[in-house]
Amino acid sequence: MAKIVTNITIPQGSDFSKTFTSLETNGAATDLTGYTGEAKIKKHSGSATSYSFTVGITSSTGQVSIAMTSGITTPLEPGRYLYDIRLTTSAGAKSRLAEGMAMVTAGIST
């Protein structure tokens, strides 16, 4: 499974979702049967405060979706955060699927 490094933009006060596809080095979709996932954003890696995404996994296609409702994005302060998505196999092995910066943009109607 190749790690994805990409930045995301989260509009404050809106629902957010993004889908990532896990690929093997040969380009085939990773079989994610038995995997679970977690994803969070923080202001910096040492921050004690984090916000969690809901994670959905489509095993057969290697797709991992992350989402936040407007109830979670509304209190986020606009600015730059860090995020990552971590997957765990049924045997307990952990790997990072994706990481990068998450830019929270200010909502005018928030």
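Helices (H or I, at least four residues) and strands (E, at least two) are DSSP runs, numbered from the N terminus. The model used in these exercises is predicted, so local features need pLDDT of at least 70 and side-chain atom pairs count only at pLDDT 80 or more, while totals for chains, interfaces and linings use all residues. Residues are numbered from 1 along each chain as its sequence is written, and side-chain values use heavy atoms, with hydrogens and water left out.

**Exercise 1.** Work out in what order the elements of the protein chain run from the N terminus on.

*Solution.* Begin with the inventory, which comprises 1 helix and 9 strands. Then read along the protein chain from the N terminus, where the elements follow one another as β-β-β-β-β-β-β-α-β-β.

**Exercise 2.** Find which strands pair with S9, and state whether each pairing is parallel or antiparallel.

*Solution.* Two strands pair if DSSP finds at least two bridges between them. Take strand S1 (residues 4–5) to start with: it runs parallel to S9 over 2 bridges, and valine 5 has glutamate 99 of S9 as its bridge partner. Next comes S2, which is also parallel to S9 and is joined to it by 4 bridges, with isoleucine 8 opposite alanine 102. Finally, S8 pairs with S9 in the antiparallel sense over 10 bridges, and here arginine 80 is matched with methionine 103. S8 and S9 also form a hairpin with 5 residues between them, and glycine 92 in its turn has a positive phi of about 95°.

**Exercise 3.** Explain why one side of S3 and one side of strand S6 (54–58) are left without a neighbour in the sheet.

*Solution.* Write down the strand order of this open sheet of 3 strands, which is S3-S7-S6 with antiparallel pairing. S3 and S6 stand at the edges and each has a single partner strand, so one side of each lacks a neighbour in the sheet. As for the pairing of S3 with S7, 6 bridges connect them in the antiparallel sense, and phenylalanine 16 has methionine 68 of S7 as its bridge partner.

**Exercise 4.** Identify which residues of the largest nonpolar core touch the most other members.

*Solution.* A nonpolar core is a set of buried (under 20% relative accessible area, 1.4 Å probe, protein chains only) Ala, Val, Leu, Ile, Met, Phe, Trp, Tyr and Cys residues joined through side-chain atoms within 4.5 Å. Among the 20 residues of the largest such core, the answer is Ile8, Ile41, Phe53, Tyr83 and Ile85. Elements that give two or more residues to this core include strand S4 (36–42) and strand S8 (79–88). Leaving aside neighbours within four places in sequence, isoleucine 85 is in contact (heavy atoms within 4.5 Å) with residues including Phe20, Val64, Ile66 and Leu97.

How values were computed:
Buried means under 20% relative accessible area, exposed over 50%, partly exposed in between (1.4 Å probe, protein chains only).
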